[in-house]
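Subject: Structure handover

Hello,

The structure you were expecting is below. Please look it over before reading my notes.

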Amino acid sequence: MSNIHIDLVGQEIQKGSFVACNWFNGLEVCVVEKLSTKMVRVRRVNGNAATKHKYPRDCVILDNSRGDITMFILKNSKS
C-alpha cells in the first residue's frame, strides 16, 4: 500500500520535502525524513537534529512555485 500524505494546502508530501510545522510553541522549517501510514517524521533544518512525528495536516510544504501558499493565505485571511 502506498502512503500518500497531503499537507494543509492540498499538496502531496514526499520524502525530502521542506515543510513548515509547529515545534512546541514555535514554527520551524523541517525536512521530511520518513513517511509512515498515518504520520511523517520531520527533522529540523537548524543546528539541532531533533526529529518528531507529525500529522500531514499539521505541515505546509515550502514550495511556492505554483503560488498555492499565497492563495491559501489570501483565501483564509480574516481581513
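Here is what was found in the sheet and the core.

This is a predicted model, in which local features need pLDDT of at least 70, side-chain atom pairs count only at pLDDT 80 or more, and totals for chains, interfaces and linings use all residues. Residues are numbered from 1 along each chain as its sequence is written, and side-chain values use heavy atoms, with hydrogens and water left out.

Five strands (E runs of at least two residues in DSSP, numbered from the N terminus) form an open antiparallel sheet in the order β6-β5-β4-β3-β7. Strands count as paired if DSSP finds at least two bridges between them. β6 (51-54) and β7 (59-61) are the edge strands with a single partner each, so one side of each has no neighbour in the sheet. On average, neighbouring strands are turned by 40 degrees against each other, direction ignored (axes are lines fitted to C-alpha atoms; angles run from 0 to 180 degrees between N-to-C directions).

β3 and β4 are joined by six antiparallel bridges, and two residues lie between them in their hairpin, where phenylalanine 24 has a positive phi near 55 degrees. Valine 19 is the bridge partner of cysteine 30 in β4 and stands opposite isoleucine 61 in β7. Four bridges join β5 (residues 40-44) to β6, with arginine 41 opposite histidine 53.

Valine 40 touches residues including Ile13, Val32 and Cys59, not counting those up to four places away in sequence (contact means heavy atoms within 4.5 Å).

Regards
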